[in-house]
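Visitor: Please give me a close look at a single part of this structure: the place where the ligand sits, along with the elements that lead up to it. I work at the bench, so plain distances and residue names suit me best.

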Amino acid sequence: MTKVNVLFVCLGNICRSPMAEAVMRHQVKEAGLDGVIEVDSAGTGDWHIGHPPHEGTRKQLDAHRISYEGMKARLVNDNDFGQFDYIVCMDNNNIRDVRALLERSEVKREERKELFTFMELLPERGFADVPDPYYSGNFDYVYELVEAGCRQLLTKIKTDLSL
Ligand code: 4NP
């Protein structure tokens with residue numbers, strides 16, 4: 001079966017994108033698609049490289065019995081553009097930064113895969129960015145968005161793969 005790789009990108013890679021990584025991996029497993037859909041996350045900023053997810057993200061994942069074992073923040077890099085089929089950015093600053101990296105990378109235009117924002121998965125919500133809980137502290141709300149958006153992404157990938 002075709003394999004697909006999904007990368008979530010946020011700023012610090014400690015709050016939103018690791019939450020999406022863990023939730024998506026959990027949903028993929030529940031759907032029996034582990035080994036078919038691989039999930040990772042990365043950040044555009046380097047402040048937290050090597051750090052585990054933020055306490056607020058860990059609390060949400062613990063409350064929902066979702067594993068984040070071994071997850072550590074890293075920077076998005078040029079290799080990601082060749083490797084990942086879906087690159088999902090948590091806000092519009094993140095997608096702007098990823099597009100700028102992509103333009104400067106060696107990846108040819110025809111090799112480029114799907115790049116979109118997380119909130120494009122939830123158009124009925126009517127806003128563009130997953131709010132950053134690093135500043136707002138609102139990890140409950142971000143969890144609710146992440147859970148709903150990952151469900152939509154799973155449906156989209158299953159449709160794309162004719163599963
Ligand atoms: P994230 O949140 O992008 O969702 O991981 C942030 C984490 C750290 C910082 C900003 C946002 N920071 O400035 O260190």
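**Around the ligand**

Guide: Let's start at Arg16, where an N or O atom of the side chain lies 2.8 Å from an oxygen atom of the ligand. Please keep in mind that this is a predicted model, in which local features need pLDDT of at least 70 and side-chain atom pairs count only at pLDDT 80 or more, while totals for chains, interfaces and linings use all residues. Residues are numbered from 1 along each chain as its sequence is written, and side-chain values use heavy atoms, with hydrogens and water left out.

His48 also reaches the ligand through its side chain, with an N or O atom 2.7 Å from a ligand oxygen. Cys15 does so through its backbone instead: there an N or O atom is 2.9 Å from an oxygen of the ligand. Each of these is a polar contact, meaning a pair of N or O atoms within 3.5 Å. Of the 350 Å² that the ligand exposes when taken alone, the protein buries 94% (accessible areas by the Shrake-Rupley method with a 1.4 Å probe).

Now for the whole shell. Cys10, Leu11, Gly12, Asn13, Ile14, Cys15 and Arg16 surround the ligand, together with Trp47, His48, Asp132, Tyr134 and Tyr135 (near means a heavy atom within 4 Å). By type, these shell residues are 7 nonpolar, 3 polar and 2 charged. In that count Ala, Val, Leu, Ile, Met, Phe, Trp, Tyr, Cys and Pro are nonpolar, Asp, Glu, Lys and Arg are charged, and the others, Gly among them, are polar.

Asn13 deserves a pause. This shell member belongs to the loop that runs between strand S1 (4–10) and helix H1 (16–30). Helices (H or I, at least four residues) and strands (E, at least two) are DSSP runs, numbered from the N terminus. Although Asn13 is not a glycine, it has a positive phi of about 60 degrees. Its relative accessibility is 3%, so Asn13 counts as buried (buried is under 20% relative accessible area, exposed over 50%, partly exposed in between; 1.4 Å probe, protein chains only).

For a contrast in surroundings, look at Ser162, in the segment after helix H6 (139–160). Ser162 also has a positive phi without being a glycine, near 55 degrees, yet Ser162 is exposed, at 67% relative accessible area.

Back to strand S1, which precedes the loop of Asn13. All 7 of its 7 residues are buried, so the rest of the structure largely encloses S1. In a regular strand, side chains alternate between the two faces of the sheet. In S1, Val4, Val6, Phe8 and Cys10 lie on one side and Asn5, Leu7 and Val9 on the other, all of them buried.

S1 sits in an open sheet of 4 strands, ordered S2-S1-S3-S4 with parallel pairing (strands pair if DSSP finds at least two bridges between them). Strands S2 (37–43) and S4 (114–117) form the edges; each has a single partner strand, so one side of each has no neighbour in the sheet. S1 and S2 run parallel and are joined by 7 bridges. Along this pair, Leu7 stands opposite Asp40 in S2, and Cys10, one of the shell residues, stands opposite Gly43 in S2. S2 is mostly covered too, with 5 of its 7 residues buried.

Definitions and conventions. A polar contact is a pair of N or O atoms within 3.5 Å; within protein, one must be able to donate a hydrogen and the other to accept it, and residues adjacent in sequence count only if both atoms are side-chain atoms.
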